[in-house]
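Please walk through this model with the viewer open, making one selection at a time. Each stop says what to select and what is there.

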Amino acid sequence: MRLGSFLKLVEIKTKIASMVPFMLGTIYAIYRFNAFNVKNFLLMFISLLSFDMVTTALNNYFDYKRARKKEGYNYEQHNAIVRDKLTEPMVITVILVLLGIAVLFGVLLYLNTNIIVLLVGAISFAVGIVYSFGPLPISRMPLGEVFSGFFMGFVIIFVSAFVHIYDRNIILLTLEGQWLSLRLNAMEVLALFAFAVPAVCGIANIMLANNICDVDDDMENKRYTLPIYIGKEKALWLFETLYYIAFVDIIILAVFRIVSPIVLLTLLVFIPVRRNIGLFRKKQTKKDTFELAVKNFVAICGSQFMLVGISVIFSLINLF
């Protein structure tokens, strides 16, 4: 398989949807807990990137296998299996190799941290597989936005922060006799969730925009996504509303001092985000406007990351 075909199969450009939350969780651990573990950072990076590629390749493979419509942009150009004439054994081999890498480095990460990472990682792996695989995959249900937003937006941020602070007693899982007890610092977990809300909304909107663009094809392929259930107009309203929720959350983060008030500068990207919303409302196609959802996600979460990073730098300067 040529490198270009591989990168298209795993849709490497979309990996920003997992890498941005990964970096957000990391910078949060540095800012709020002054903690950074290089080994855990690298282990999670490799495992996360590999598994993200697995889920995308699986999704493309099953879209190819289940497709009823055998023509058009989504089938002939967007899917690398058709465009580059990849064989099924070749695609399956790539998926299994990537899955093996993801599991190996995930286990190594668990051995270097604790049972919380193993449990959350195992659940995330299971959801990622079920997202595309099985008789009724999540991607073909009206729950795709919920699962992708929660797991890629919050869970990735949670784990990528937790691997640096696993020894800070934020979450404890203990077995005492026949009793399994879970204790957590509710305020810290809520603070982390609040920090993750812009990513949750942004990733959910990437999925939502993708499904809005594919309504006609999905109907023909019997893929009953959220926009098909609620209608395109309500889906567009939800698309817009999720961005407003993200900006309100940014204000909450600053007001409650979860992060430095400098993060309020993220509100400046409201202008281009609002413009992109308007452009998407006028036309919804995978080829022309889908990328606007990705640009909005990068604008909001990229700004959030950079501004928290600047806060970290200022803190380090003050130490000297």
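Select Asn 34. This residue is exposed, because its relative accessible area of 61% is over the 50% cut-off. In this predicted model, Asn 34 sits in the loop between α2 and α3 (38–66). Its phi is near 55°, a positive value in a residue other than glycine. Most residues other than glycine have a negative phi.

Now go to Glu 11, where phi is again positive, near 45°, and the residue is again not a glycine. Glu 11 belongs to the loop between α1 (3–9) and α2. Is Glu 11 buried or exposed? With 16% relative accessibility, Glu 11 counts as buried, since the cut-off for that is under 20%.

**Helices α2 and α8**

Select residues 16–33, which form helix α2, together with residues 144–165, which form helix α8. Their axes are 7 Å apart, and the packing angle is about 40°. The two helices are therefore oblique to each other. Their crossing is right-handed. To see the contact, show side chains on both helices. On the α2 side, the residues include Ala 17, Pro 21, Phe 22, Leu 24, Tyr 28 and Phe 33. On the α8 side, they include Met 152, Ile 156, Ile 157, His 164 and Ile 165. Colour this contact by class and it divides into twelve nonpolar residues, six polar ones and no charged ones.

**Helices α7 and α8**

Keep α8 selected and add α7 (residues 115–132). Here the axes come within 11 Å and cross at roughly 155°. The pair is therefore roughly antiparallel, and α7 passes α8 in a left-handed crossing. Which residues of α7 make the contact? They are Ile 116, Val 117, Val 120, Ile 123, Ser 124, Val 127 and Tyr 131. From α8 come Gly 144, Phe 147, Phe 151, Val 155, Phe 158, Val 159, Phe 162 and Val 163. By class, the contact of α7 with α8 has 13 nonpolar, two polar and no charged residues.

**Helices α6 and α7**

Drop α8 and add α6 (residues 88–112) to α7. The axes of α6 and α7 cross at roughly 155° and come within 8 Å. These helices, too, are therefore roughly antiparallel. Pick Ala 102, Val 103, Leu 109 and Tyr 110 in α6, then Ile 115, Val 117, Leu 118 and Phe 125 in α7, and you have the contact. It consists of eight nonpolar residues, with no polar and no charged ones.

**The nonpolar cores**

Next, select Tyr 28, Met 44, Phe 158, Phe 195, Phe 239 and Phe 280. These residues have the most contacts inside the largest nonpolar core, which has 88 residues. Helix α9 gives the most to this core, with 14 residues. A separate core of five residues includes Val 197, Ala 204, Leu 242 and Ala 246.

Centre the view on Phe 280. Beyond residues up to four places away in sequence, Phe 280 touches Ala 209, Ile 212, Cys 213, Leu 236, Phe 239, Thr 289, Phe 290 and Leu 292.

**Along helix α9**

Select residues 186–213, which make up helix α9. Begin with Glu 188, which lies in this helix. At 19% relative accessibility, Glu 188 counts as buried, because the limit is under 20%. What does Glu 188 contact, leaving aside neighbours within four places in sequence? Its contacts are Tyr 28, Arg 32, Phe 33 and Ile 170. For a distance check, pick the C-alpha atoms of Glu 188 and Asn 60: they are separated by 38 Å, with these positions 128 residues apart along the chain.

Asn 210 is also found in α9. It counts as buried, at 16% relative accessibility. Setting aside neighbours within four places in sequence, Asn 210 is in contact with Lys 286 and Phe 290.

**Last stop: Lys 287**

Finish at Lys 287, in the loop between α13 (270–282) and α14 (291–319). At 61% relative accessibility, Lys 287 counts as exposed. Pick its C-alpha atom and that of Cys 213: the two are separated by 8.9 Å, while the residues are 74 apart along the chain.

How values were computed: Residues are numbered from 1 along each chain as its sequence is written. This is a predicted model: local features need pLDDT of at least 70, side-chain atom pairs count only at pLDDT 80 or more; totals for chains, interfaces and linings use all residues. Side-chain values use heavy atoms; hydrogens and water are left out. Helices (H or I, at least four residues) and strands (E, at least two) are DSSP runs, numbered from the N terminus. Buried means under 20% relative accessible area, exposed over 50%, partly exposed in between (1.4 Å probe, protein chains only). Contact means heavy atoms within 4.5 Å. Axes are lines fitted to C-alpha atoms, for helices over the stretch in contact, and angles run from 0 to 180 degrees between N-to-C directions. Angles under 35 degrees count as roughly parallel, over 145 as roughly antiparallel, 65 to 115 as roughly perpendicular and the rest as oblique. A crossing is left-handed if the near helix is turned anticlockwise from the far one by less than a right angle, and right-handed if clockwise. Ala, Val, Leu, Ile, Met, Phe, Trp, Tyr, Cys and Pro count as nonpolar, Asp, Glu, Lys and Arg as charged, and the others, Gly among them, as polar. A nonpolar core is a set of buried Ala, Val, Leu, Ile, Met, Phe, Trp, Tyr and Cys residues joined through side-chain atoms within 4.5 Å.
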